Amino acid sequence: MLKLYNTLSRTKEEFKPQADKVTMYSCGPTVYNYAHIGNLRTYVFMDVLRRVLKYDGYKIKGVMNITDVGHLLSDADDGEDKMVKASREQKKSPVEIAAYYTEIFMNDTAALNIGMPEIIAKATEHIDDMIKYVVALQEKGYAYETSDGIYFDIAKFPEYGKLSRLNLDEQIAGARVEVNSEKRHPADFALWKKAEKNHIMQWQSPWGMGYPGWHIECSAMSRKYLGKTLDIHTGGVDHIPVHHENEIAQSEALEGCKTVNYWLHGEFMLVEGGKMSKSLGNTYTIAQLKEKGYPPLAFRYFCLNAHYRKKLNFTFDGMDSALTSLKRLYALMLKHKQGTEKASAEALGKYETEFRNAIDDDLNIPLALGTLWTMLKDEKDSRDVYSLALKFDTVLGLSLDKCEEYADKPEPAEIPDDIKAIADERWEARKNKNWAESDRLRELLKEKGYAVKDAKDGFTVEKL
Ligand code: AMP
Ligand code: ZN
């Protein structure tokens, strides 16, 4: 029986979807910059949840948004639009910025074996749905117009704060809401903003040119694809007090019923014990980890080692041990793959039950990993063990089937451009039968720590 911790009730609850196909919405990235390892931890969590559901036999209809319309600097509606800021600083159009960072996000998540939700919804392609949503809220009396936008009237939704369990005063203090004398209540939030003439991204609406508030994106897109009430909604813990509280207010006001049955939130990743922030220069990306010699799956392993509801402190020591453990896992897998012993069905059954109990207990992946380790270490080398480990890997996503390739190095090292250039030059020299030059360049590569291997119609370069 799968149990999930529901932020709304603050308890582990038995998971009962409304139908066979689980409906799930995940708050996606704001694509104005690289996703950092903290963001990616949240998507590893989403992925593990999806994998556990599948392991338990469920089908999933998942939706994730891509926030490409801009997003104000603070979760409340003040500050400069992040997309506009990036656009100005990088001298690219918002569309170029969004396309560039979306592609990198997709590549990073693929490298981490994160399976994407079935539907990826770009905010810019759903502006009409958002406008209709705001109009409907206005018609029901939950929204009002000011000179700069359309706001949600919090006083009309007495349950506001039920997810974060903060009262409104605490909310306001936390959200640093701007002073806006036209708002009826300081915590009322923008559903739609009227754009000034020079605002980069703006759309036609019943209230003139403007752009949507951030919270309305998620409510409108989840309603469109998943209907009134969805089974699961995920995001990072930072979304609990403002973003998800506002989603609840909008959607319950509109639908007149509960709109999310299970709210799941991933805890934050810290760096060297503190907050990750650009100004501190500690927001690492997957590319930066790779440059430092850590393959993406070592980062995935690092994330899996901590429960998703615990803060996780990123350190390079921690990454070193994750990498060592991962290499050892591949080596153990290889031993079992080549093993000739027969494993006892009873022992395998015990591991399988243990594994399932762990993942079904609110995704206790550290415990499930423990079962995998015990099995690989304690059992005699056997293909049966290997096969069961591969079944476990449908949840873990560590590419254990690639143990042969990855046993030493979980991923071939990237060859830097200057090394590639020397190797190309050497190949040219060789083609021209300039053996002396070809040998000199081979030596040069060796000094730099690389080896070339020639084949009939080309060559490969490897790190020594
Ligand atoms: P954003 O692109 O800023 O909307 O963030 C994308 C996702 O990353 C959201 O679900 C956030 O809750 C999550 N997130 C942001 N910072 C961290 C962090 N340090 N650790 C874990 N998740 C984070
Ligand atoms: Zn959202």
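Two strands are taken to pair if DSSP finds at least two bridges between them. In this predicted model, that criterion is met by strand β3 and strand β10 (residues 230-236), which pair in the parallel sense over three bridges, with M24 standing opposite I232 in β10. Strand β3 is also joined to strand β4 (residues 59-66), here by six bridges, and these two strands likewise run parallel. Within this second pairing, S26 has M64 of β4 as its bridge partner. Between the two strands the chain passes through helix α1, and the resulting β-α-β crossover from β3 to β4 is right-handed. Strand β3 is itself mostly covered, in that five of its six residues are buried.

The loop that follows β3 contributes to a metal site. The zinc ion (ligand 2) has as its protein donors the SG atom of C27, the SG atom of C218 and the NE2 atom of H243, which lie 2.0 to 2.2 Å from the ion. Along the chain, the donors of this zinc ion follow the spacing C-x190-C-x24-H. Because C27 lies in the loop between β3 (21-26) and α1 (37-55) whereas H243 belongs to helix α7, the pair ties together parts that are 216 residues apart in sequence. Both of these donors are counted as buried, C27 having a relative accessibility of 4% and H243 a relative accessible area of 0%.

The residue that follows in the numbering, H244, is likewise placed in helix α7, which comprises residues 240-255. H244 is buried as well, since its relative accessible area is 0%, below the 20% under which a residue counts as buried. When residues up to four places away in sequence are left aside, H244 touches C27, L163, H233, T234, G235, H239, W263 and H265. Among these contacts is the zinc donor C27, and H233, T234 and G235 fall within the residue range of strand β10.

A further element described here is helix α10 (residues 316-337), whose 22 residues reach 31 Å from the first C-alpha to the last, close to the 32 Å expected at 1.5 Å a residue. The buried residues of α10 are F316, G318, M319, A322, L323, L326, L329, Y330, L332, M333, L334 and H336. In an α-helix there are 3.6 residues a turn, so residues three or four places apart point the same way. The cover over the buried residues of α10 includes the helices α8 (286-291), α9 (296-304), α12 (365-378), α13 (383-396) and α14 (403-406), together with strand β13 (312-314).

Technical notes:
Residues are numbered from 1 along each chain as its sequence is written. Chains are lettered from A and ligands numbered from 1 in the order in which they are written. This is a predicted model: local features need pLDDT of at least 70, side-chain atom pairs count only at pLDDT 80 or more; totals for chains, interfaces and linings use all residues. Side-chain values use heavy atoms; hydrogens and water are left out. Helices (H or I, at least four residues) and strands (E, at least two) are DSSP runs, numbered from the N terminus. Buried means under 20% relative accessible area, exposed over 50%, partly exposed in between (1.4 Å probe, protein chains only). Contact means heavy atoms within 4.5 Å. Donors are N, O and S atoms within 2.8 Å of the metal (3.2 Å for Na, K and Ca); water is not among the atoms, so sites may look incomplete. The expected span of a helix is 1.5 Å times one less than its number of residues. A crossover is right-handed if, with the strands pointing away from the viewer, the path from the first strand over the helix to the second runs clockwise.
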